[in-house]
Amino acid sequence: MYKVDLNADIGESFGNYTIGMDAEVQKYITSANVACGYHAGDPIVMEKTIALAKENGVAVGAHPGFPDLMGFGRRKMMISPAEAKAYIMYQVGALKAFTDAAGLKMQHVKPHGAFYNMAAVDENLAIAICEGIKAVDPDLIMLGLAGSKHISAAEKVGIRVASEVFADRNYMEDGTLVPRSRSDAKIADPELAITRVIRMVKEGKVEAVTGKDIDIKADSICVHGDNPKAVDFVRTIREKLQAEGIEVVNIAEVTG
């Protein structure tokens with residue numbers, strides 16, 4: 001039996017600004033990556049998002065980013081490993097206060113945006129992130145880009161790790177995501193995206209943007225639900241996965 005998790009980045013509203021359709025997308029995902037206040041989110045949003053996850057039976061993870069609200073955490077920042085570790089501890093600790101208060105155990109940590117992409121190719125940064133996770137709770141799972149430094153760093157630090165793939169993004173031959181600045185970064189055709197995801201789960205392969213097949217491990221699929229069409233896509237991808245005999249469960253159940 002094939003198993004895979006469906007995760008989404010949520011809780012990214014801030015103050016008077018609403019981003020995403022959290023209530024709708026949480027009906028179909030199994031794990032939620034909740035913003036922790038640095039790139040998005042605020043204490044009120046964090047509390048509401050945790051309550052919503054509990055109501056829907058969705059496993060909760062922290063989604064820590066760079067301290068860059070204006071850039072939504074997508075701008076690169078040059079930080080030291082010590083700073084990276086502290087940023088992780090600060091944000092994961094903040095969200096943990098809300099999960100503890102709600103009677104939930106936090107499941108995982110997935111870095112956001114530029115923090116995620118930089119650590120995917122920088123082992124020192126990835127190790128610092130994993131050390132920060134371990135310092136807060138050694139039982140937390142690192143959710144990182146399949147085949148990247150995230151995975152090897154977690155193994156070196158000695159924490160559990162899950163490999164993430166993206167439903168609507170194209171891949172470079174080295175397994176990294178095609179940069180958002182490029183016109184071919186995203187896959188617009190939902191049917192193609194779903195076909196690719198099913199192949200990732202069942203065959204461990206994906207076609208890179210160059211046309212070459214590359215190996216990939218799919219423990220968790222990232223989906224986005226920031227508009228009505230995207231929510232329909234999340235629902236459809238779950239239905240198609242189940243129709244293919246793929247069980248949709250949270251990360252902890254996939255990784256054992």
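These legends accompany four close-up views of a predicted model.

**View 1. Helix α2 packed against helix α3.** Here we look at α2 (residues 43-56) and α3 (residues 81-101), whose axes lie 9 Å apart and meet at an angle of about 45°. An angle of that kind falls outside the ranges for roughly parallel, antiparallel or perpendicular pairs, so α2 and α3 are oblique to each other. The crossing of α2 past α3 is right-handed. On the α2 side, the contact uses Pro43, Met46, Glu47 and Ile50, and α3 answers with Ala94, Leu95, Phe98 and Thr99. Sorted by class, the residues of this α2 and α3 contact are six nonpolar, one polar and one charged.

**View 2. Leu95 and its partners in the largest nonpolar core.** This core holds 76 residues, and Leu95 belongs to the group that touches the most other members, together with Phe115, Tyr171, Ile221, Val223, Ile237 and Leu241. Leaving aside residues up to four places away in sequence, what does Leu95 touch? Its partners are Val34, Cys36, Met46, Ile50, Val60, Gly61, Ala62 and Met106. If you have just come from the first view, you will recognise Met46 and Ile50 as α2 residues of the contact with α3.

**View 3. Helix α5 crossing helix α6.** In this pair, α5 spans residues 123-136 and α6 spans residues 149-157. Their axes come within 8 Å and cross at roughly 50°, and α5 and α6 are therefore oblique to each other. The crossing of α5 and α6 is right-handed. From α5, look for Glu123, Ala126, Ile127, Cys130, Glu131 and Lys134; these meet Lys149, His150, Ser152, Ala153, Ala154, Lys156 and Val157 of α6. The contact of α5 with α6 brings together six nonpolar, two polar and five charged residues.

**View 4. Helix α7 alongside helix α8.** Our last stop shows α7 (residues 190-203) packing on α8 (residues 228-243) at an angle of about 40°, with 10 Å between the axes. That angle makes α7 oblique to α8. As α7 passes α8, the crossing is right-handed. Pro190, Glu191, Ala193, Ile194, Val197 and Ile198 of α7 meet Phe233, Thr236, Ile237, Lys240 and Leu241 of α8. By class, the contact of α7 with α8 consists of eight nonpolar, one polar and two charged residues. Two of the α8 residues, Ile237 and Leu241, are also listed with Leu95 among the core residues that touch the most other members.

Conventions. Residues are numbered from 1 along each chain as its sequence is written. This is a predicted model: local features need pLDDT of at least 70, side-chain atom pairs count only at pLDDT 80 or more; totals for chains, interfaces and linings use all residues. Side-chain values use heavy atoms; hydrogens and water are left out. Axes are lines fitted to C-alpha atoms, for helices over the stretch in contact, and angles run from 0 to 180 degrees between N-to-C directions. Helices (H or I, at least four residues) and strands (E, at least two) are DSSP runs, numbered from the N terminus. Angles under 35 degrees count as roughly parallel, over 145 as roughly antiparallel, 65 to 115 as roughly perpendicular and the rest as oblique. A crossing is left-handed if the near helix is turned anticlockwise from the far one by less than a right angle, and right-handed if clockwise. Contact means heavy atoms within 4.5 Å. Ala, Val, Leu, Ile, Met, Phe, Trp, Tyr, Cys and Pro count as nonpolar, Asp, Glu, Lys and Arg as charged, and the others, Gly among them, as polar. A nonpolar core is a set of buried Ala, Val, Leu, Ile, Met, Phe, Trp, Tyr and Cys residues joined through side-chain atoms within 4.5 Å. Buried means under 20% relative accessible area, exposed over 50%, partly exposed in between (1.4 Å probe, protein chains only).
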